[in-house]
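Open the model in your viewer and keep the sequence beside it. This tour says what to select at each stop and what is there.

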Amino acid sequence: MKMTKEFMNSIFDQVNFRLKTELSDWLTETVRKTKHLHGSKICKEQILMELVSFLRDLNLNWSEIKDTKILKKILKERIK
């Protein structure tokens with residue numbers, strides 16, 4: 001299902017945030033690769049929605065996570 005801007009605006013909340021340049025560049029290049037390899041792209045918003053859903057589904061104990069260093073450590077342990 002192709003998600004048009006109108007469709008996405010009708011069912012999704014808009015969230016604005018900043019990414020480090022290297023992460024933004026990686027995300028842009030990943031979108032380009034999907035279009036080049038598969039003929040259609042997976043847009044940035046869809047990639048980020050799947051990432052947030054994946055994070056939610058990990059069922060982390062957020063009371064243990066006091067900073068990003070701890071979050072990164074726990075994620076590396078869980079994803080191995």
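The stops below run from the N-terminal side onward, and the model is a predicted one.

**Stop 1: the loop before H2**

Select leucine 19. Leucine 19 sits in the loop that joins helix H1 (5–11) to helix H2 (21–38). Its relative accessible area is 37%, so leucine 19 is partly exposed. Now add Val15, Phe17 and Leu23 to the selection. Together with Leu19 they make a nonpolar surface patch of about 380 Å². Show the surface here to see the patch.

**Stop 2: helix H2, end to end**

Select residues 21–38, which form helix H2. Pick the C-alpha atoms at the two ends. They lie 26 Å apart. For the 18 residues of H2, a rise of 1.5 Å a residue gives an expected span of 26 Å, so the two values agree.

Next, turn to the buried side. Which residues of H2 are buried? They are Leu27, Thr30, Val31 and Thr34. Look down the axis of H2: the buried residues fall within an arc of 95 degrees, so they line one face of the helix.

Rotate to the face turned away from that buried side. The exposed residues there are Thr21, Glu22, Arg32, His36 and Leu37.

**Stop 3: threonine 34**

Stay in helix H2 and select threonine 34. Is threonine 34 buried or exposed? Its relative accessible area is 13%, so threonine 34 is buried; the cut-off for buried is under 20%. Display its side chain and the backbone of isoleucine 42. The side chain of threonine 34 reaches the backbone nitrogen of isoleucine 42 at 3.1 Å.

**Stop 4: the salt bridge on H2**

How many salt bridges does the structure hold? There are 3. Begin with arginine 32 and glutamate 29. Their side chains meet in a salt bridge, 3.0 Å from N to O. The two residues are 3 apart in helix H2, so about one helical turn separates arginine 32 from glutamate 29. Colour the pair by accessibility. Arginine 32 has a relative accessible area of 51% and is exposed. Glutamate 29, at 33%, counts as partly exposed.

**Stop 5: helix H3 and its start**

Select residues 44–57, helix H3. H3 has 14 residues. From its first C-alpha to its last, H3 reaches 20 Å, close to the 20 Å expected at 1.5 Å a residue.

Now select lysine 44, which belongs to helix H3. Lysine 44 is partly exposed, with a relative accessible area of 32%. Add leucine 27, one of the buried residues of H2. In sequence, lysine 44 and leucine 27 are 17 residues apart. In space, their C-alpha atoms are 6.7 Å apart.

**Stop 6: arginine 56 and aspartate 57**

Move to another salt bridge. The side chains of arginine 56 and aspartate 57 meet at 3.2 Å, N to O. Arginine 56 counts as exposed, at 57% relative accessibility.

**Stop 7: the loop after H3**

Select asparagine 59. It lies in the loop between helix H3 (44–57) and H4. Check its backbone torsions. Most residues other than glycine have a negative phi. Asparagine 59 is not a glycine, yet has a positive phi of about 50 degrees. Is asparagine 59 buried or exposed? At 64% relative accessibility, asparagine 59 counts as exposed.

**Stop 8: helix H4 and its cap**

Select aspartate 67 and lysine 69. Aspartate 67 caps the N-terminal end of H4. One of its side-chain oxygens lies 3.1 Å from the backbone nitrogen of lysine 69.

Extend the selection to residues 68–79, helix H4. Its end C-alpha atoms are 16 Å apart. The 12 residues of H4 should span 16 Å at 1.5 Å a residue, so the model agrees with expectation.

**Stop 9: the salt bridge on H4**

Finish with lysine 73 and glutamate 77. Their side chains form a salt bridge, with N and O 3.2 Å apart. Lysine 73 and glutamate 77 are 4 residues apart in helix H4, so they are separated by about one helical turn. Lysine 73 is exposed, with a relative accessible area of 53%. Glutamate 77 counts as partly exposed, at 47% relative accessibility.

Definitions and conventions. Residues are numbered from 1 along each chain as its sequence is written. This is a predicted model: local features need pLDDT of at least 70, side-chain atom pairs count only at pLDDT 80 or more; totals for chains, interfaces and linings use all residues. Side-chain values use heavy atoms; hydrogens and water are left out. The expected span of a helix is 1.5 Å times one less than its number of residues. A polar contact is a pair of N or O atoms within 3.5 Å; within protein, one must be able to donate a hydrogen and the other to accept it, and residues adjacent in sequence count only if both atoms are side-chain atoms. Patches are made of residues with over 30% relative accessible area and no salt bridge: like charges are joined within 9 Å, nonpolar side chains (Val, Leu, Ile, Met, Phe, Trp, Tyr) within 5 Å. Accessible areas come from the Shrake-Rupley method with a 1.4 Å probe; for residues, only the protein chains shown count as cover. A salt bridge is a side-chain nitrogen of Lys or Arg within 4 Å of a carboxyl oxygen of Asp or Glu. Buried means under 20% relative accessible area, exposed over 50%, partly exposed in between (1.4 Å probe, protein chains only). The arc is that of the directions from the helix axis to the C-beta atoms.
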